[in-house]
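Reader: Could you take me through one part of this structure up close? I'd like to look at how one chain sits against its neighbours.

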Amino acid sequence: MNYVLNDRESSKIVEFIKNFARKNSLWVLAYGTGCGAIEIPPTMTSRYDAERFSVRGAATPRQADVLLITGYLSVKTLKRVIRSYEQMQDPKYVIGFGSCTINGGMYWDSYNTIKQLDLYLPVDVYINGCMPRPEAVLAGFAKLQELIGKGEANGWKHYKENLEWYRQNQQKLIKNWKMPDYNW
Amino acid sequence: MTFWQTLGAVLLTILIAFISGLFYMGIRRKVIARIQNRYGPPVYQNFLDVMKLWFKESNIHHGIMQHLAPLWMMAMGVSTLLFIPIVYNSDFWANFTFKGDIILLLYLMVFGSLGFALGAGQTGNPNSAIGVTRGLSQLVGFELPWVIALIAVMIQYKTTSLTDLVAWQQQHHTWIAFEQPFAFIAALLVLPAMFRYSPYDIVVAPSELASGPASEFGGKYMGLMMSSGSIFMFAKLALIVDVFLGGATSWLWMIIKTLALYMIPVLWSTVNPRYRTEQAIWSLWRWPLIFAVIGLLIATV
Amino acid sequence: MADLIYENTVVNVVKEHFKDDIIDAKVRRQRRVELRTNTNNIESVLLFLKEKMGFLHLSHISCVDWIEENRFELVYILWHPQEKVNVLIKVDVDRLNPVAPNIDYIWPQANTYERELREMFGIQFEGLVGRHELILEDWDDLPPMRRDFDTLQYVMQNYTFRSGREDAQDVRETIAKRTGEEIPEFAKKYSR
Ligand code: SF4
C-alpha cells in the first residue's frame, strides 16, 4: 500500500458524503406566504407523499434546511421571511414557488407585493406555474437535490458574500428597518 | 474484567443502542407511513437526518445552559443505558450494574429532562417555555404510576437489583409480566407518555407549539438531541425488557424483544389524537395509577 | 314577485321616526332596503335600527370613492336575523376633510372595519382607538384605495421588474398571432 490519499482527494470524499446526507434529508420550513401554500398539504400527505423523497416538514427556522416561498410576498411578509431565512442554519436553500416569485405573476401591478424574489433572497430553484401542481413541486425538490449533490446549491454562501447588495434591495422596500445586522 | 474490556463493552453497548434506536425510529416512520397509505421514507432515513444535522456549518445557541442542554440529554441517555444489564449471565455485557441499580435509574431518568428544561428556558422562546411547562406536568403525570409499578416489583421480589430480577426470571422460566401483570400493564400504559407519542404529544406539538422545548435548537444541537433520543429510547425499552420480559440471553433476543415492545406504543400512537395537558395527566393518573396501586397491594400482601 | 311587506314597513317606520333627517329611503329589491342620511344622524339611525327594529348584526362598513363629486360614501350594511333583511345606510363624507363618527360602542366589530377604512381611504373616525396600522406596514404614501392613488406609477417607481417581461402586453393578440386565429372586433377591447 503505497497509495496515500492527498488532501484534495480526501476533501472531495468528505464533500461527497456531506452532500449525500444533505440532499437526502431536506427539512422544509412550514411557512406559507401566498396562495401556493395550499399545494403543500397534498404534496406532504398520502397522495403525493414527499417523505419518500426524504422531504419532511420542520417546525421552526432553526431546524429547517429549505425555505419555500409559496407565492406572492407582500412587503410586510418579506420582513418576516428575511428574519426566518437568516435564523436558519447553514447550509440553507430557498425555493421560489409560482410565477409571483419569478416576475410578479398576476400581482404584477399590486402596490404591496414584490416582483422579483431573487433581489431579496438567494433563490436556488424556481418552480413556475400558477400555482405549480404537486408533481411540479416534487420535480423542484428533485432538481434541488441534484444541485446539492453536485455541490452547486450555494445560495447561502452567495447571500453572505453579497450581504450588502441584498440589504440595499431589502431596505429600499422595508422603510422602517428595525432589525439587527444579521438575525442570528 | 480488565479496564480495556469494560471500556470496549461500554462503547459497543452505546454504539449498538444508538444504531438500533435510530433504526427503530425509522421503522416507526415507515409503519406510520404505511398506516396512512403512503410509501414512507426508507428505514435508514434517520441516519441521514442525524448526519445532515452534524454536518451543519453554523450552530447558534443563546447561552451556556442551552449549549449544555443536549449534553444533559446525552448524559442521561448514556448513563441510563450503562446501568442496565443487557445480556443475562454475561460479565462482558453487564456494564456497570450493581445492587440497587433500579433506584439509581429512577433518579437518572428524570435528570436529563430537568436539565433540558433549564436549557430550553434560556432560549427565551415563548414556545419553549410553554412546552417546558407542559413537559414537566406530563413528567409528574407518568412518573407516579411508573415508579409505583417498579416499586411493586421490587417489593414482591425483595431486590433492587436488575441482575437479580433477570436471574430469577431466567431460572424460573417465566416472565414477571405474568407474575405481576398489573404492574406490567401500568408500565405499558405509560410508555407512550414517556416517548411523547400521541396521545401524549402535547409537549412537542409541531404544528401549534413549533416543536415546543426544542424550537430554538438547530444544527448540531438538534443532531445531538436526536442521537441521545435514540439511545435513551433503547435504554428505556431495555429496562422494561429486563424487569418484565425476562431479560435476554443474547443481543439478538434483546433486539427482538425491544422492537416488539416498541411496536406497542407506536401502533397505539398512530390511531390516537392528542390529549390536552390536564386530560393527559388525568388519563395517566386514572388507569395506569390504579393498575400500579393494585400491583403494589398484591406485592405487599 | 314576493310581497315586500317587511321591507316597506322598515322604510315607513324609519321615515316616520326621523322625518327630514332621512334624505332618501327606498326598497331596492326583495330583502334589501336602502337608506341615506348624513353624518350627524348616522349614530341615531343605527341605534334605532338596532334597538327598535332588531337589525342586530353589522355585516360590514364599506366605502366608495366618488372622486368626481368630491365625496366618500360610507355604506353600513346591517342584517336582521329573523326577517332576513339587509339594510344599507349610506352616508356622504367630504373628501377633503373626511371625518365620520365612531360607532364601535354599538357594535365592537366596527372597530376593525373603521381601522381598515382609516388605513385604506384615510377616513378619520372621531375617537377611534386601536393601532394605526392594520394591514399595511410603514405606509407613507396616499392611502392606496383612493382613486387618485396611481397604483401603476407607484409600482413602477418602487419595484424592479425582471427584464424580459413586457407588462400589460396584449396576451390575446400574442396568442392569436402565434396560432393564426382571428380576433373578432368586439373581443378586441377586452383582450387586455
Ligand atoms: S403564482 Fe399564482 S397561485 Fe402562486 S401566489 Fe401567485 S397568484 Fe397565487
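Author: Let's look at the contacts of chain A, beginning with chain B. A quick word first: this is a predicted model, where local features need pLDDT of at least 70, side-chain atom pairs count only at pLDDT 80 or more, and totals for chains, interfaces and linings use all residues. Residues are numbered from 1 along each chain as its sequence is written, chains are lettered from A and ligands numbered from 1 in the order in which they are written, and side-chain values use heavy atoms, with hydrogens and water left out.

On to chain B, then. Here 32 residues of chain B are in contact (heavy atoms within 4.5 Å) with 27 residues of chain A. Together they bury about 2,500 Å², and carbon and sulfur atoms account for 54% of that; buried area is the accessible area (1.4 Å probe) that two parts lose on being put together, summed over both. On the chain B side, Arg38(B), Lys52(B) and Phe55(B) lose the most area to chain A, together 23% of what that side buries.

What about charges? The rule finds seven salt bridges between chain B and chain A, each being a side-chain nitrogen of Lys or Arg within 4 Å of a carboxyl oxygen of Asp or Glu. One pairs Arg22(A) with Glu57(B), whose closest N and O atoms are 3.1 Å apart. As for helices (DSSP runs of H or I, at least four residues, numbered from the N terminus), helix 2 (45–54) and helix 10 (219–244) of chain B are the elements that give two or more residues to the side touching chain A. Helix 2 of chain B provides the largest share of that side, six residues.

Now swing round to chain C. This contact takes 24 residues from chain A and 24 residues from chain C. The area buried between chain A and chain C is about 2,100 Å², with 52% from carbon and sulfur atoms. In chain A, it's Trp108(A), Tyr111(A) and Lys175(A) that lose the most area to chain C, together 39% of what that side buries.

Two salt bridges turn up across the interface of chain A and chain C. In one of the salt bridges, Arg80(A) meets Glu137(C) at 3.0 Å, N to O. The elements of chain A that give two or more residues to the side touching chain C are helix 3 (75–87), helix 4 (99–103) and helix 7 (163–173). Helix 3 of chain A gives the most, with four residues.
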